[in-house]
Amino acid sequence: MIPSRANPVPLSQTQAGIYISTVQSDQPTIYHLPHLHFMTGVDDPERLAEAMRTIVRAYPVLSATIISNAEGMPVMYADQDSLVEVETAEMTEEQLHSSYDSLVRPFDFESGRISRFIVIHTEKGVYLFTDIHHVIYDGLSHKAFMEQLDRAYRGLPLEEEPLSAFDVAAREAELRESPELEAQHKTFAALLEGCNPAFDLMPDMNGESESFDTLTMKPGIEADEYRKWCAAHGFPQSIPATAAAGIALSRFYRRDDLTLATIFHGRERIHGNTISMMVRTLPVRITLTPGESIGSLLEGLKRQQKCFRENSLY
């Protein structure tokens, strides 16, 4: 599905939230996702540029434009006759690194593209600069993008994208007009009944003024050991980490029932090569009961998060 300007598709709820935050922000590049890749093993900049053009043709969302419809709602479309350009540039290493900040320029939603690609050749080698707005791109999109680019550069056929970003957004719009939305609303209401989500991180009052900072602590287990432990006990890697954060916050706030937020990639197997913004924010409810074992807490949190993910349309 490739929507035209005459028949655009609405943004998903996640996309609409990012779009609204962008247009209201005084930092126009706040949701840009720029990457400057040194392309190890690539010695032909024109071949890389042609591989990039293959990716652009395969993923129309990279040439998407977002406009407001007659009701003032953001919608998107792609013009297959006017794809985003893959630029090429020759410069020195010094010029590249001194101009990096200027490569990230605000996108014009109403009349321009929301992605930018430049193949850069210096005396050191070949770079690829990509800047794609978060409204159509996330971490797993980047993984798919780079894997597909590798295939294109090596002359291999691209893996199929069963569902495009436009398909995903259109399907969500349909579901939000169906009884499914109310059913999921009831599930959320049941799981969150009586919760108290109102809490703020307290500022550090030591010193001359209030301040906030990041506290980084080593968990006492190496990453490989952690992954093996999770696999051996049947837990997604997010569950023990989320539980630990919840327990720490419950002690910090002296509350045995608290609600916080986490993120979910929002993808099923069929979305493996989809380039789109699909990340969703989901609640986490931590309820600590005297005498409950850590294993029981983790199992309960695992069931809860599975339920929230299965009902994440709401």
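In what order do the four strands of the open sheet come? The legends below take that up first, for a model that is predicted.

**View 1. A sheet with open edges.** The order is E2-E7-E6-E5, and the pairing is mixed. Look for strand E2 (32–38) and strand E5 (86–90) at the edges: each has a single partner strand, so one side of each has no neighbour in the sheet. Going from one strand to the next, the twist averages 15°.

**View 2. Zooming in on E2 and E7.** These two strands run antiparallel and pair over seven bridges. To pick out one bridge, start at leucine 33 and find its partner in E7, isoleucine 132.

**View 3. Inside the largest nonpolar core.** This core has 43 residues, and Leu48, Leu62, Val135, Phe145 and Leu149 touch the most other members. Several elements each chip in at least two residues, including helix H1 (13–24), strand E3 (64–68) and helix H5 (139–153). The top contributor is H2, with six residues. A second core, separate from this one, has 13 residues, among them Leu258 and Ile286.

**View 4. Who does leucine 149 touch?** Leaving out residues up to four places away in sequence, leucine 149 touches Met39, Leu48, Ala51, Met52, Ile55 and Leu128.

**View 5. Two helices crossing.** The axes of helix H9 (residues 238–253) and helix H10 (residues 294–310) come within 10 Å and cross at roughly 110°, which means H9 is roughly perpendicular to H10. Residues making the contact include Ile239 and Ile247 of H9, along with Leu297 and Leu301 of H10. Sorted by class, this contact of H9 with H10 has eight nonpolar, three polar and two charged residues.

How values were computed. Residues are numbered from 1 along each chain as its sequence is written. This is a predicted model: local features need pLDDT of at least 70, side-chain atom pairs count only at pLDDT 80 or more; totals for chains, interfaces and linings use all residues. Side-chain values use heavy atoms; hydrogens and water are left out. A nonpolar core is a set of buried Ala, Val, Leu, Ile, Met, Phe, Trp, Tyr and Cys residues joined through side-chain atoms within 4.5 Å. Buried means under 20% relative accessible area, exposed over 50%, partly exposed in between (1.4 Å probe, protein chains only). Contact means heavy atoms within 4.5 Å. Axes are lines fitted to C-alpha atoms, for helices over the stretch in contact, and angles run from 0 to 180 degrees between N-to-C directions. Angles under 35 degrees count as roughly parallel, over 145 as roughly antiparallel, 65 to 115 as roughly perpendicular and the rest as oblique. Ala, Val, Leu, Ile, Met, Phe, Trp, Tyr, Cys and Pro count as nonpolar, Asp, Glu, Lys and Arg as charged, and the others, Gly among them, as polar. Two strands pair if DSSP finds at least two bridges between them.
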